[in-house]
Amino acid sequence: AERINDLGFSELGHLIARVSTTLLLKDRVEEVYRDVLGEPAFHDLQTLSELTVKPCSEQIMLRASASQVDTIFSNLFRNILELSSEMEKSEIQVRWGIEEDPITMEREGQIRVADSIPLFVTTEMIRSRYIAHGLGIVSQLSSQLKGSICVEDEPDFVKAIVVRLPIQDEA
């Protein structure tokens, strides 16, 4: 009976890990972008932001559910699309990779969503919820997932919103 309990507990742990992790996929990010473009708020959008997705060569399994990852991307995309409505042309670039924290030496997933919208945004503005355009949701969710969000410079773009989240280590 004890052996059966141990096996059951182990299998339950594997099931929970599978449900609460998400593999970052280019096709899924593009699908979330199309879904956001299909929302009523963006039907009259004159200028579509051009989306480029550049995944890294290494697969990244985030410790977050698929719906949480979708919520992060959809709110970042909504923010950019809302702000791009006055522009003739805008660009969005999504990149991701794995980086190692220089202090803790833990590896984490880094999602960079860069845009060409000339709006001044700082990390402090996002964290203090000063920005209402969906970034508060992303900030709250990344914090809940034991990650972080910040604004960084991005070559060839105005800025990048960078979300860092824990990754699932390979078993």
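K146 sits in the loop that links helix 5 to strand 6, and this predicted model gives us a good reason to begin our walk there. Just after helix 5, K146 takes a positive phi of about 65°. Most residues other than glycine have a negative phi. K146 is not a glycine, yet its phi is positive. As for its surroundings, K146 counts as exposed because its relative accessibility is 72%, and exposed means over 50%.

Step back from K146 into the helix before it. Helix 5 covers residues 135–144, and its buried residues are L135, G136, V138, S139, L141 and S142. How should a list like that be read? An α-helix has 3.6 residues a turn, so residues three or four places apart point the same way. With that in mind, look at L135, V138 and S139, which are among the buried residues of helix 5. L141 and S142 are buried there too.

Now step forward from K146 into strand 6, which spans residues 148–152 and pairs with strand 7 in the antiparallel sense over five bridges. Two of the facing pairs are easy to find on screen: I149 stands opposite V163 of strand 7, and V151 has I161 of strand 7 as its bridge partner. Between them in sequence is C150, which is buried because its relative accessibility of 11% falls under the 20% limit. Another cysteine, C56, has 26% relative accessibility and therefore counts as partly exposed. A search of the whole structure finds zero disulfides.

Strand 6 and strand 7 form a hairpin, with six residues between the two strands. In its turn we meet D156, whose phi is positive at about 70°. Like K146, D156 is not a glycine. D156 belongs to the loop between strand 6 and strand 7, and its relative accessible area of 77% is why it counts as exposed.

Where does this hairpin fit in the wider fold? Strand 6 and strand 7 belong to an open sheet of five strands, ordered 2-4-5-7-6, with mixed pairing. Strand 2 (50–54) and strand 6 stand at the edges with a single partner strand each, so one side of each has no neighbour in the sheet. On average, neighbouring strands of this sheet are turned by 20° against each other, direction ignored.

Let us cross to the other edge and work inward. Strand 2 runs parallel to strand 4 (residues 91–100), and five bridges join them. One place to see this is T52, whose bridge partner in strand 4 is Q93. Q93 also stands opposite A114 in strand 5, so to speak a stepping stone for the eye as it moves along the sheet. Strand 4 and strand 5 run antiparallel and are joined by nine bridges. These two strands make a hairpin as well, with six residues between them, and in this hairpin M105 takes a positive phi near 65°.

With the sheet in view, we can turn to the space around it. Rolling a probe the size of a water molecule over the atoms shows where empty space is left. The second largest pocket holds about 150 Å³ of space. Which residues lie nearest its centre? They are E106, E108, K146, L165 and P166, out of 13 lining residues. This brings us back to K146, the residue where our walk began.

The lining also draws on the sheet strands we have visited. Strand 5 (107–115) and strand 7 (159–166) each supply at least two residues of the lining of this second largest pocket. Strand 7 gives the largest share, three residues. By kind, the lining residues divide into seven charged, three polar and three nonpolar.

Finally, here is the whole chain around these parts. The protein has five helices and seven strands, and along the sequence they follow the pattern α-β-α-β-β-α-β-β-α-α-β-β. How many of its residues are buried? Of the 171 residues, 43% count as buried, with C150 being one of the buried residues.

How values were computed:
Residues numbered from 1 in each chain as written. Predicted model: local features only at pLDDT ≥ 70, side-chain atom pairs only at ≥ 80, totals over all residues. Heavy atoms only, no water. 1 Å grid on protein atoms, 1.4 Å probe; cavity = no way out; pocket = protein on both sides within 12 Å on 5 of 7 lines; lining within 4 Å. Points joined across faces, edges and corners; volume = space filled by probe spheres on them. Helix = DSSP H or I, 4+ residues; strand = E, 2+ residues; numbered from the N terminus. Nonpolar A, V, L, I, M, F, W, Y, C, P; charged D, E, K, R; others polar. Pairing = 2+ DSSP bridges. Disulfide = S-S within 2.5 Å. Buried < 20%, exposed > 50% of the residue type's maximum accessible area, 1.4 Å probe, protein only. Axes fitted to C-alpha atoms, helices over the stretch in contact; angles between N-to-C directions.
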